[in-house]
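Please open the model in a viewer and keep the selection panel at hand. The stops below each give a selection to make and describe what is found there.

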Amino acid sequence: MLPISYGFAFQWGFFNFIVGAPIVLLFLLSAFKYAENPSLRTGLWLTFFAYTLLLIHLLVAAFGCGLAFLYVIASKSQWKQKLLTGLPFISPLPVVIIYLFVWVSSGGQANSEGTWGLSIYRPIEFLASAVGLRPTRTNAAIGLLIFALPFLLGARLTDSRPRQAVFVAYLLWMMFGPNYILGNFFTYNRFALFGLPMLFVVITKPSSTEHSARYDTLLRSLFFIFPVALIISFCFRFSSFDDESKGYRDIETKMQPHKRMLGLIHNNQSSVFNLPMYLHFASWYQAEHSGAADFSFSQFGLLVRYRPDAAVAISSKFAWHPESFDWNLNKGWLYDYFLVRNESDISAHVFRTAECPVKYVAHSGSWWLYETELGDANDPLSCAAKRIAENQLK
């Protein structure tokens, strides 16, 4: 299972989701055992567990509680018993409804546009997302081999109806679930992380094997060699990315803490991953130097957010179009630093309409750092005065 842990969700950096993954698997294991032999004590414990999942990640909680409730409903007991047994898993529903109502009512990212992302290539995307970001044939083939190994060793599908229901529900979600919903991108994609655990839910060990001992030894060795080889390849790739992004580490030593930065990532592609891995790289300043960096996910209306009257002139789409930067429209005087990623120095073009000097600070590789010279706050024409006036208007 280790290679699966470094697939789509990990490489996109869905930190809370990844942290919640092993916890929700423990929750499901406990829920399945509880469904077979329910008790009041275990039910109360699982109720508390379900609410804890909400604190980790809403999608993780919905995944765990939904599958647990389905497991109970698919059992052969009476409906009254099913509903009583399933209460711990639907008890967080009122909280979720209230949260979603507030989230949608607040507007912002929850009401922005996005695509569902249905495609005939979903099966390939599912297999590929288990081991990487890109839905390539190579990644899909690796994913297929990982999922096929248990069956090559003689594993068979279980005849347990609740377990079958859980697996089918998971497959339906992966095939038809939304890419974007209520402001959340890559919604179904990240659940590829649970592909192998869900497969283990629905397979059972055969009573006897029809294969030779040599065949079984070969396949069992693949169970060890293949994951180790994948993890080693991941290590080399991440090491290469670390070398590629070294330029940022070189110039971040020039950044003072508690300032405000604007990222102008003109070249957001990584040659290691062939993906826009540098799109939100300026956020490292916010994370490591206690400053503010735009674009910021605080604009999405999350638990930590800008005040409604905060001086923000950068939209959520700006990160994709840094060439659209305009000093007056985007209020360049609000920023102490500008972090640019480009192969050559384009400061003369970027800051051509700047109303105050923007000086060069440092350069390393594709990274360029510039600092705004605000001037004297007592001078009404200075950028310092404009910043003060801007903040007073808010």
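Begin by selecting F186, which counts as partly exposed because its relative accessibility is 24%; here buried means under 20% relative accessible area, exposed over 50% and partly exposed in between, computed with a 1.4 Å probe on protein chains only. F186 sits in the loop between α10 (161–176) and α11 (195–202), where helices (H or I, at least four residues) and strands (E, at least two) are DSSP runs numbered from the N terminus. Its phi is positive, about 55°, although F186 is not a glycine. Most residues other than glycine have a negative phi.

The model is predicted, so local features need pLDDT of at least 70 and side-chain atom pairs count only at pLDDT 80 or more, while totals for chains, interfaces and linings use all residues. Residues are numbered from 1 along each chain as its sequence is written, and side-chain values use heavy atoms, with hydrogens and water left out.

Next, select N274, a residue other than glycine with a positive phi near 55°. N274 lies in the loop between β3 and α14 (283–289) and counts as partly exposed because its relative accessibility is 48%.

From that loop, move to strand β3 (residues 260–265) and select R260. Is R260 buried or exposed? R260 counts as buried, because its relative accessibility is 15%. Add D294 to the selection: the side chains of R260 and D294 are joined by a polar contact of 3.1 Å. Such a contact is a pair of N or O atoms within 3.5 Å; within protein, one must be able to donate a hydrogen and the other to accept it, and residues adjacent in sequence count only if both atoms are side-chain atoms.

Keep D294 selected, since D294 is one of the residues that line the largest cavity. Further lining residues include G263, I265, F281, F295, A319 and P322. The space in this cavity is about 80 Å³, and the whole structure has three cavities of 30 Å³ or more. On a 1 Å grid over the protein atoms alone, a cavity is a set of points where a 1.4 Å probe fits but cannot get out, and lining residues have an atom within 4 Å of a point. Grid points are joined across faces, edges and corners, and a volume is the space filled by probe spheres set on the points.

Now select helix α6 (residues 79–90), in which K82, T85, G86, P88 and F89 are buried. Viewed down the axis of α6, these buried residues fall within an arc of 125°, so they line one face of the helix; the arc is that of the directions from the helix axis to the C-beta atoms. Show α3 (15–36), α4 (40–56) and α5 (58–73) as well, as they are among what covers the buried residues of α6, with contact meaning heavy atoms within 4.5 Å.

For the next stop, select C356 and C383, which form a disulfide with sulfur atoms 2.2 Å apart; the criterion is a pair of cysteine sulfur atoms within 2.5 Å. The torsion about their S-S bond is about -100°, so the disulfide is left-handed. C356 is in the loop between α15 (347–350) and β6 (358–364), and C383 is in helix α16 (residues 383–393), 27 residues apart. C356 and C383 are both buried.

Finally, stay in helix α16 and select E390, which counts as buried because its relative accessibility is 9%. E390 and K331 are 59 residues apart in sequence and 9.2 Å apart in space, C-alpha to C-alpha.

Terms used
1 Å grid on protein atoms, 1.4 Å probe; cavity = no way out; pocket = protein on both sides within 12 Å on 5 of 7 lines; lining within 4 Å.
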